[in-house]
2 protein chains.
Amino acid sequence: MSDSRPIGIFDSGIGGLTVARAIRRELPREDLIYFGDTARLPYGTKSEQTVSRYAHQIAQFLLRRDVKVLVVACNTASAVALPALEKSLEIPVLGVIEPGVIGAVKATKTNCIGVIGTVATIESNAYSQALHEQNHVLEVVSVACPLFVPLAEEGLLDGSIAEAIAHRYLDTFGSAGIDTLILGCTHYPYLTPVIEKVVGRRIALVDSGSETAHILTNLLQEKQMTAKDSSEGRLTVLLTDLPRRFREVGARFLGQPLDDIGLVSLAHD
Amino acid sequence: MSDSRPIGIFDSGIGGLTVARAIRRELPREDLIYFGDTARLPYGTKSEQTVSRYAHQIAQFLLRRDVKVLVVACNTASAVALPALEKSLEIPVLGVIEPGVIGAVKATKTNCIGVIGTVATIESNAYSQALHEQNHVLEVVSVACPLFVPLAEEGLLDGSIAEAIAHRYLDTFGSAGIDTLILGCTHYPYLTPVIEKVVGRRIALVDSGSETAHILTNLLQEKQMTAKDSSEGRLTVLLTDLPRRFREVGARFLGQPLDDIGLVSLAHD
């Protein structure tokens, strides 16, 4: 049994390309359609209603493209819209939060886990709720790091500015006793070196995007929905706007050149 | 002669509230309708076509509210959409770029002017073109400062992080010989102390927003379109999304509490 339909991935912008990259690494035979809502990014500062409305609209768009599974590669959209998407769609839906949580619960020995993300993700409490569902004795310390996304998009991945900002957000964890830190935003894997430098290498960093690729692989195998072994996967990138520097920043996030980009105009705001 | 219709002001988000504040200070009798396109901000990283489309849509919305003049309190939208708006609308349209340029040309003695703004504003060359139209012997040095907006919105107005970022962008001006620096983004007036600290007090800072309020005052007086002396101006704030922290950050930018906020859903994306 095989299923040649594409995997749909969506994000508010380019951050989710780090998830697409992890999925391509694990599932090189799969066709991927990546949808970046670049005309309306960022989601991290917007209200739940608005983010939820955008997520449903994009899910419908990808369903018309006949995707076999939907990966919500955006922590904010995963935090606020996942249950509703799971309920309304007939295909499997995978967010980035639960995979990150499962990875962190496996990694921790002290049962004390840190979470960093956008303001919207942290205020939603989605990570701490999901962590407590896995293990109710866990201690969870969450910190919003709103300047990390602009830092990563600017390519300011190290140096004095990145370090000063990382200290501002992460010094809280110094006395918190965590041994595991969830990178709860798809942009953050690019800041791994400076984050490690500030929190110390003894704290395990869990990248929700990579964990999502593992879970997706298991899901497709279990449901016998993987593509044929012989095929070579294609990546199609669709955006609602072609931002300045998208090719440059996007290629860095994806780890390969971005050749084929389509522009999409969604019918309604 | 008087004209009691409101003044329409629009911006991608909350930055334009600094312009609304300057206008209220100069024209306390005028009713203002402030439109912040918070569901689709920021404009500074989006393409010209997209920003222009949004600007036209919002202009039409404000026209239906019977505004007597339209102030485009967004540097990016002023840079890419102003000529087209002026052409298609029958009311006067005022951007923030020309007022900033006029203020800077008055202020400079060395004929060497610096401009800072978002990536979109700087890449549009709108400031340098407008400066050269005023005086073709001017030397203009422009620098994009993409981290300044998130800094201002985070309220990180001084301290080591703000200074390190300011040095990164502004040290270029050290050897450039400018005596005047245009703050070509409505968020930047909040960073005035750290900008002054880095470039030195001998460089005059020109705030496009305040200059726009002067020009608007002259325009309304010339055209006999000011409101009645007896009336007390009202401020109506309309947003396409109510972002987290809007009241807090918005009140700081406006300089007074934000009580009356309306939510608007635009018909088409």
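Here are three short exercises with worked solutions on this predicted model.

Residues are numbered from 1 along each chain as its sequence is written, while chains are lettered from A and ligands numbered from 1 in the order in which they are written. Because the model is predicted, local features need pLDDT of at least 70 and side-chain atom pairs count only at pLDDT 80 or more, whereas totals for chains, interfaces and linings use all residues.

**Exercise 1. Follow the sheet of chain B.**
Task: find the order of the six strands in the open sheet of chain B.

Solution, step by step:
- Strands are DSSP runs of E with at least two residues, helices are runs of H or I with at least four residues, and both are numbered from the N terminus.
- Two strands pair if DSSP finds at least two bridges between them.
- The order in chain B is 4-3-1-2-9-10, with parallel pairing.
- Strand 4 (93-95) and strand 10 (261-263) of chain B stand at the edges, each with a single partner strand, so one side of each has no neighbour in the sheet.
- Look at one edge: strand 3 (residues 69-72) and strand 4 of chain B pair in the parallel sense over three bridges.
- There, B:Val72 has B:Gly95 in strand 4 of chain B as its bridge partner.

**Exercise 2. Place strand 9 of chain A.**
Task: work out which strands pair with strand 9 of chain A, and why it is largely enclosed.

Solution, step by step:
- On one hand, strand 2 (residues 32-36) of chain A pairs with strand 9 of chain A in the parallel sense over five bridges. Here A:Ile33 has A:Thr236 as its bridge partner.
- Strand 10 (residues 261-263) of chain A also pairs with strand 9 of chain A in the parallel sense, over three bridges. A:Leu238 stands opposite A:Gly262 in strand 10 of chain A.
- A residue is buried if 20 or more other C-beta atoms, placed from the backbone, lie within 10 Å of its own.
- Four of the five residues of strand 9 (residues 235-239) of chain A are buried, so the rest of the structure largely encloses this strand.

**Exercise 3. Examine where the chains meet.**
Task: state how many residues each chain gives to the contact, and which helix of chain A gives the largest share.

Solution, step by step:
- Residues are in contact if their C-beta atoms, placed from the backbone, lie within 7 Å.
- Chain A gives 25 residues and chain B gives 25 residues.
- Helix 8 of chain A supplies the largest share of the side of chain A that touches chain B, five residues.

How values were computed:
Contact = placed C-beta atoms within 7 Å. Buried ≥ 20, exposed ≤ 12 C-beta atoms within 10 Å, placed from the backbone.
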